[in-house]
Amino acid sequence: MSDYLTDFVSLFDQYDVLAAFWVNLRLTFFAALGSAALGALIALMRISPIASLRLLGTGYVNLFRNTPLTIILVFLVLGVWSQLGISLSSDFDQNFFNWAVLGLSLYHAAFVCEAIRSGVNTVPAGQAEAARAIGLSFLPAARLIIFPQALRGAITPLGNTLIALTKNTTVAAAASVTEISSLMKTMIEFRPDVIIAIFLVVALGFVLIVVPVGLLTTWASRKLAVKR
Amino acid sequence: MSHTTPPAAAPASAAAGTAEALVRMSHVNKHFGDLHVLRDINLEVKRGEVVVVIGPSGSGKSTLCRAINRLESIDDGEILIDGKRLPEEGKALAKLRADVGMVFQSFNLFAHKSVLQNVTLGPVKVRGKSGAEAKKEAMELLTRVGVDNQAEKLPAQLSGGQQQRVAIARALAMEPKVMLFDEPTSALDPEMINEVLDTMVALAKQGMTMIVVTHEMGFARKAADRVVFMADGMIVEENTPEEFFTNPRSERAQDFLGKILGH
């Protein structure tokens, strides 16, 4: 048993597990910002009074929500970068990282949009009517009246989306980003002696990252709960 | 407490003259699917006039009220407010709505904003007033409707009657040309109806142009210049309150009044 433990500890000398997890955290952070901004914009389009914008928003959600994330990432890297030669950074690794962030953002924006929209649906129609009745046009009414109240209903589905995003950063391996799942593959290949421990380390790592996200959304949903 | 508003309102109405109607609906039609909810509506409301719209449920009176600030679109016909045709969309419509106050049956106060913020939001964000000025005027209005001591509370912490009075203050803060009331007391407990009606009567006495959808006969008798009776999407009868309630001409009105005054 102590031999196994020694072998296991040597794994961390051989591979930089923490640095790999750090890549996943950075992917999560930037893709969360990107998908939140894009998702809010598409949600705005889907509730706007302009029919063509609504159609565009609906089209976006149906396209990206129903496409596997792997396909999106592989398409961006092999299709858009490799074939069309569009680069997002002169640095080789940074380029892959940026494409991965973009792909994750495009994909999760569809889910963010639907989370926000489900929140908007919890706001009584009278709130929007009252906003319009005092002369607010669509954008100020959405920003000042609808979205702040929609956030209360959207926080739990948004948290779920963030958790899914965190775990989906492992798909960035498909976009040639060296993150924890690609490192795991390497470790399994060269250190099959501690294969069970490798799985456990990666699983535990994600649990440690995701649990606070869950706690945070639970706290936020209580904090924002509608006082009735 | 309200030394600014009534004197400002009075000369304005005198200067503009009384001949021109403030709200004019001509040949307005609207359908909800197969249902013809507004049938060839023609209605004029003069500056300073208080018109009560009355009728059985489903008669289209709420739709008529909501069409005036285009919360409901119309199929054809024309609605003019202060001589201007109601715009269809966008900034022009928002600008016009700012001049038309609306009070809803279900209050619709902004649930995440304090009472004071509910009243200052429009003046600050739409009229571009400074926060301090809007707050001062809002406190005057809240005093006028008698809820100034609740200014920092959230709407949900107020009684229905108080909420509706805040909603009236919120509409007045925009200094509207005309106020629309869509069954303002229908969602209230009986003991709270009077506090809201008193506020409305006071408003009518100060010369505000009002269109009020209500079943409150007392209010109509006390404050209305004219009663408009609607049934099946049509204006069936128009008369002074006294004449309408004591001597209704149409059969529909007689039948309706018989039902609501019978007990």
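**Close-up views of chains A and B**

**View 1. Polar contacts and a salt bridge join chain B to chain A.** Across the interface of chain B and chain A in this predicted model, six residue pairs are in polar contact, both partners at pLDDT 80 or more. A polar contact here is a pair of N or O atoms within 3.5 Å; within protein, one must be able to donate a hydrogen and the other to accept it, and residues adjacent in sequence count only if both atoms are side-chain atoms. The count of salt bridges between the two chains is one, formed by the side chains of Arg66(B) and Glu129(A) at 2.6 Å, N to O. The rule for a salt bridge is a side-chain nitrogen of Lys or Arg within 4 Å of a carboxyl oxygen of Asp or Glu.

*Reading the model.* Residues are numbered from 1 along each chain as its sequence is written, with chains lettered from A and ligands numbered from 1 in the order in which they are written. Local features need pLDDT of at least 70, side-chain atom pairs count only at pLDDT 80 or more, totals for chains, interfaces and linings use all residues, and side-chain values use heavy atoms, with hydrogens and water left out.

**View 2. Here is the area buried between chain B and chain A.** The contact (heavy atoms within 4.5 Å) takes 24 residues from chain B and 17 residues from chain A. Together the chains bury about 1,800 Å², 64% of it on carbon and sulfur atoms; buried area is the accessible area (1.4 Å probe) that two parts lose on being put together, summed over both. Arg97(B), Phe110(B) and His112(B) supply 29% of the area that chain B buries against chain A, more than any other three residues.

**View 3. Leu64(B) sits within the largest nonpolar core.** That core has 76 residues, and Leu27(A) and Leu64(B) have the most contacts inside it. A nonpolar core is a set of buried Ala, Val, Leu, Ile, Met, Phe, Trp, Tyr and Cys residues joined through side-chain atoms within 4.5 Å. Among the residues that Leu64(B) touches, not counting those up to four places away in sequence, are Met25(B), Leu38(B) and Met230(B).

**View 4. His27(B) and Asn108(B) have positive phi.** Neither is a glycine: phi is near 50° for His27(B) and about 55° for Asn108(B). His27(B) counts as partly exposed because its relative accessibility is 48%, whereas Asn108(B), at 9%, counts as buried. Buried means under 20% relative accessible area, exposed over 50%, and partly exposed in between (1.4 Å probe, protein chains only).
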